[in-house]
Amino acid sequence: MASALTFRKGAYYPATTQGFTSSGASQQSGALQSTTNIIRIAVNQDTYIEIGTSPTATSNSLMMTAGSVEFLVVEPTYLVAFLQVTSAGRVASRNLEQSNG
């Protein structure tokens, strides 16, 4: 995925949350909402994260350290894949929807 700085205008509100337990094999999230442009990911153990249309998380993917939170710009067709670094942990992915108000 190409790196680009993207700005989104407007307020966002928390929507659907998906929770997972990371393991030694890459796992994919469910589909994002059709209106999702930003997701918030939080992990409680070191976790590799990959985002794309059919992602597989590997040791070359973005590593989120235990206790970290990231806000990532996505396309509605994307999925999130995750893989434990050394220990299984919880991964929470929350869609942020743009407010129409």
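A residue counts as buried when its relative accessible area is under 20%. Keep that cut-off in mind as we walk through this predicted model.

**Stop 1: Phe82**

Select Phe82 to begin. Its relative accessibility is 1%, so Phe82 counts as buried. Now add Phe20 to the selection. Phe20 comes out at 15% relative accessibility, so it counts as buried too.

How are the two rings of Phe20 and Phe82 arranged as an aromatic pair? They are tilted, with 40° between the planes and 4.6 Å from centre to centre. A search of the whole structure turns up 1 aromatic pair, and you're looking at it: Phe20 with Phe82. Colour the strands and you'll see that Phe20 belongs to β1 (residues 12-21) and Phe82 to β7, so the pair ties together parts that are 62 residues apart in sequence.

**Stop 2: Ser29**

Stay with the two rings and pick Ser29, which sits in the loop between β2 and β3. Is Ser29 buried or exposed? It's buried, with a relative accessible area of 8%. Show its contacts, skipping the neighbours within four places in sequence, and both Phe20 and Phe82 appear, along with Gln18, Leu79 and Val80.

**Stop 3: the nonpolar core**

Val80 leads on to the next stop, as it is among the residues with the most contacts inside the largest nonpolar core. Select the others in that group as well: Ile39, Ile41, Ile49, Ile51, Val74 and Val91. The whole core has 14 residues. Which elements give two or more residues to this core? They are β3 (36-43), β4 (47-52) and β7 (79-84). The largest share, 3 residues, comes from β3.

**Stop 4: the sheet**

Switch to a cartoon view and find β7 again. This strand is part of an open sheet of 4 strands, in the order β2-β7-β4-β5, with antiparallel pairing. At the edges stand β2 (27-28) and β5 (62-64); each has a single partner strand, so one side of each is left without a neighbour in the sheet.

Now zoom in on the middle of that order. β4 and β7 pair in the antiparallel sense over 6 bridges. For one bridge to look at, select Thr47: its partner in β7 is Gln84.

**Stop 5: Asn60**

Finish with Asn60, in the loop between β4 and β5. With a relative accessible area of 74%, Asn60 is exposed. Draw a line from its C-alpha atom to that of Ile49, 11 residues away along the chain, and the separation reads 9.3 Å. Ile49 takes you back to the core from Stop 3, where it is one of the residues with the most contacts.

Definitions and conventions: Residues are numbered from 1 along each chain as its sequence is written. This is a predicted model: local features need pLDDT of at least 70, side-chain atom pairs count only at pLDDT 80 or more; totals for chains, interfaces and linings use all residues. Side-chain values use heavy atoms; hydrogens and water are left out. A nonpolar core is a set of buried Ala, Val, Leu, Ile, Met, Phe, Trp, Tyr and Cys residues joined through side-chain atoms within 4.5 Å. Buried means under 20% relative accessible area, exposed over 50%, partly exposed in between (1.4 Å probe, protein chains only). Rings of Phe, Tyr and Trp (its six-membered ring) pair if their centres lie within 6.5 Å; planes under 30 degrees apart count as stacked, over 60 as edge-to-face and the rest as tilted. Two strands pair if DSSP finds at least two bridges between them. Contact means heavy atoms within 4.5 Å.
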